[in-house]
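Q: Hey, got a minute to walk me through this one? I'd like to start with strand pairing.

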Amino acid sequence: FYRPGAFDGILNLITSFGYFEAQRDDQRTLENAHRSLHPGGRLVLELMSKEIIARIFGPRDWHRVEGGYLLEERRIVKAWSRIENTWTLIQDGHAYEWTFSHRLYSAAELRDLLETCGFRDVNVYGSLAGVPYDEKAERLVLVAQKPT
């Protein structure tokens, strides 16, 4: 999807990027975002980066949810290029399972991809509050501008 020059800003939040199997489709998504922005428009990407996942990774977690439990299982695959997730919800005597995966990007990889797609002035932050992207970063946030 793209709408040439239609938007001042595009938000892509909560790790809503990298779910395509082919990395070329991720690039096409960013190219379409670039095409859809007015000159000077900005794209904000917010996700869990490869660096953050490496720091906090655990293969399994349980969470209490209303009326049951949620089991999250994770597996790093393809030389840290993807993470596979299986979520099992056990609620009211039933088990429901969802499986999904997404590509893992480092800050440098994603910055380079944005620049390849035509973005400039790509800034990298460690949260939506604009803190530095360092070893304490909670999220990876990139703000990229379409040249004027």
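Q: Cool. What stands opposite Leu43?
A: Ala144 in S8 does. This is a predicted model, where local features need pLDDT of at least 70, side-chain atom pairs count only at pLDDT 80 or more, and totals for chains, interfaces and linings use all residues. Residues are numbered from 1 along each chain as its sequence is written, and side-chain values use heavy atoms, leaving out hydrogens and water.

Q: How many bridges join S2 to S8?
A: Six, between S2 (residues 37-47) and S8 (residues 140-145), and the two run antiparallel. Two strands count as paired if DSSP finds at least two bridges between them. Strands (E, at least two residues) and helices (H or I, at least four) are DSSP runs, numbered from the N terminus.

Q: And the order of strands in the open sheet?
A: S1-S2-S8-S7, four strands with mixed pairing. S1 (7-12) and S7 (120-125) are at the edges with a single partner strand each, so one side of each has no neighbour in the sheet.

Q: Switching to helices: which residues of H3 are buried?
A: Ala107, Leu110, Leu113 and Leu114. Buried means under 20% relative accessible area (1.4 Å probe, protein chains only). They cover an arc of only 130 degrees around the axis, which puts them on the same side of H3; that arc is taken from the directions from the helix axis to the C-beta atoms.

Q: What do those buried residues pack against?
A: H1, S2, helix H2 (50-56), S7 and S8, with contact meaning heavy atoms within 4.5 Å.

Q: What follows H3?
A: Gly118, with a positive phi near 105 degrees.

Methods. Buried < 20%, exposed > 50% of the residue type's maximum accessible area, 1.4 Å probe, protein only.
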